[in-house]
Number of protein chains: 2
Amino acid sequence: MRITIIGSGNVATHIAAAFANVGHNIVQVYSRDIQHAAMVAYNVKAEPIDALDAIDPNTDLFLIAIKDDAIADIAQKLAKYGKLIVHTSGSTSLEEIEQYTPNAGVFYPLQTFSKTKELDFWTVPLCVEGATADITKQLEELARTVSNNVYRVNSEQRRILHLAAVFACNFPNYLYYAAGELLREHNLDFSMLRPLILETARKVQEHLPKDVQTGPAVRNDEKTMAAHLQLLAQNPDLRRVYELLSQLIIKMDNGGTAGA
Amino acid sequence: MRITIIGSGNVATHIAAAFANVGHNIVQVYSRDIQHAAMVAYNVKAEPIDALDAIDPNTDLFLIAIKDDAIADIAQKLAKYGKLIVHTSGSTSLEEIEQYTPNAGVFYPLQTFSKTKELDFWTVPLCVEGATADITKQLEELARTVSNNVYRVNSEQRRILHLAAVFACNFPNYLYYAAGELLREHNLDFSMLRPLILETARKVQEHLPKDVQTGPAVRNDEKTMAAHLQLLAQNPDLRRVYELLSQLIIKMDNGGTAGA
């Protein structure tokens, strides 16, 4: 397939590489900054461009991977070529493109990407939605060329997935940070927590979180929780986090076994 | 070394196996339930016992891996043998054993264990503390026979580590659960989130959490946060979590780059 990438951020970089790796033809990479466009384009042997006037209409798909609030504007400008246009955003509806063209879809990777970190794209869940059944099928087939985890997801479900990703990714990462700050105040290094963090994520690869919940709250170990709150006496922010999450863990409908 | 294991839970099971694997002699495994003792003892070719009267004094180390509030009582009963006694608890001071014998120490693994899940013990951070410099050195040497991550940690630091582990393990696992509940309400499966959860934990194996924080809060993307809070209108508990953690992420001293 001939694919044009709009954007040069983390998502654009990883998706362009994944497509190129399996033999799709990346025609052009557009960014307002030509150097950013060039960085992505170079690896996938595409032409970098920084003006929409320079768009090559000889493509099958425009894939828009830019900030949410800029998607509609770009889609409007690309609609005249009559080609399929998709965005990659979790929190943006199909309608943002469909208002300008019926050749509209969504290609949402449910993953966190870093430019500097390689990852196995085959494991990335790809959530596709088309404005028509044909488009959905076409996007599903395209997604299957680069991932083993392809899902048909409508705009409402995608909004929920994006929200759930905040709970499963952004908030845990903040808690890693908070844990590291506690250590730092006592001259202990964040690296001590790394094996625990990784194992906690590994556990739920095979189990459900409810079945592997551990810690003082799930045991309703009031003595330990009181001692922890005492240690947080000088840190009202983390004390609030501790109290709220412990209360909710105690409320969990826990059918699993609490371990170490 | 001849080692007697007191306890038959997750920590006892994994530590006994790690010691046996590198050639230490597990003499006995004690549990109040002889079948539980037998399950652990069988794998490490030790004698299972369910009465402290049956203790074989011909050992070098009593390793107590039981509930925190039962440690002191057991330590008192084992003190008469004059052998080294250690516990494995993050939230229990050395004093709980030292009050009965100067041959006291702590051997705290900073990891979450499941009976059903194998893990590479070499990566487990082991935090040792002895009542004397000699005991600390002895425990450090013992720890190095089974792990590449051995730390000298005093009782105050260990309390902080245990608290930090709640933030780095127990609370993230609850958030995985919360994310899964959001999906379940919309007929989406928790398995969709697994690659994201694993990648989030992998990212901080090489980076600091602060440098890889992503999501609407760190971008101060008020439109997306408002939409997420709207989606949580019927779920006051998770709405409180969303509001509190987003506020704290916005407050983070963020020097990193926010990605996808």
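Begin by colouring the two chains apart and selecting the places where they meet: in this predicted model, 80 residues of chain A are in contact with 80 residues of chain B. On the chain A side, the elements that each give two or more residues to this meeting surface are H1, strand E8 (149-152), helix H6 (155-185), helix H7 (194-206), helix H8 (222-231) and helix H9 (236-251). Select H6(A) next, since this helix gives the most to the side of chain A that touches chain B, with 24 residues. If you then colour that whole side of chain A by class, you will find 50 nonpolar, 21 polar and nine charged residues.

Now turn to how the two chains are related. A rotation of 180 degrees, with 0.0 Å of shift along its axis, superposes chain A on chain B with an RMSD of 0.0 Å, and that is the relation of a two-fold axis. To find the axis in your viewer, select A:Pro172, whose C-alpha is the one in chain A nearest the axis, 2.4 Å from it. The same surface serves both copies, as 100% of the contact residues of chain A recur in chain B.

Next, show helix H7 in both chains. Two packed helices are described by the angle between their axes and the distance between the axes. Here the axes of H7(A) and H7(B) come within 9 Å and cross at roughly 170 degrees; because angles over 145 degrees count as roughly antiparallel, H7(A) is roughly antiparallel to H7(B). Which residues of H7(A) meet H7(B)? Select A:Arg194, A:Ile197, A:Leu198, A:Thr200, A:Ala201, A:Arg202, A:Val204 and A:Gln205, which meet B:Arg194, B:Ile197, B:Leu198, B:Thr200, B:Ala201, B:Arg202, B:Val204 and B:Gln205 in H7(B). By class, this contact has eight nonpolar, four polar and four charged residues.

Finally, go back towards the start of chain A and select helix H1, residues 10-21. This helix has twelve residues and reaches 17 Å from its first C-alpha to its last, close to the 16 Å expected at 1.5 Å a residue. Is H1(A) mostly covered or mostly open? Nine of its twelve residues are buried, so the helix is mostly covered, and the buried residues include A:Val11, A:Ile15 and A:Phe19. To see what lies over them, add strand E1 (2-6), strand E2 (25-30), helix H2 (34-43), strand E4 (61-64) and strand E6 (104-109) of chain A, which are among the elements that cover the buried residues of H1(A). End the tour at A:Gly23, which follows H1(A) and has a positive phi, near 100 degrees.

Methods
Residues numbered from 1 in each chain as written. Chains lettered and ligands numbered in written order. Predicted model: local features only at pLDDT ≥ 70, side-chain atom pairs only at ≥ 80, totals over all residues. Helix = DSSP H or I, 4+ residues; strand = E, 2+ residues; numbered from the N terminus. Expected span 1.5 Å × (residues − 1). Buried ≥ 20, exposed ≤ 12 C-beta atoms within 10 Å, placed from the backbone. Contact = placed C-beta atoms within 7 Å. Nonpolar A, V, L, I, M, F, W, Y, C, P; charged D, E, K, R; others polar. Axes fitted to C-alpha atoms, helices over the stretch in contact; angles between N-to-C directions. Parallel < 35°, antiparallel > 145°, perpendicular 65-115°, else oblique. Least-squares fit on C-alpha atoms with pLDDT ≥ 70 in both.
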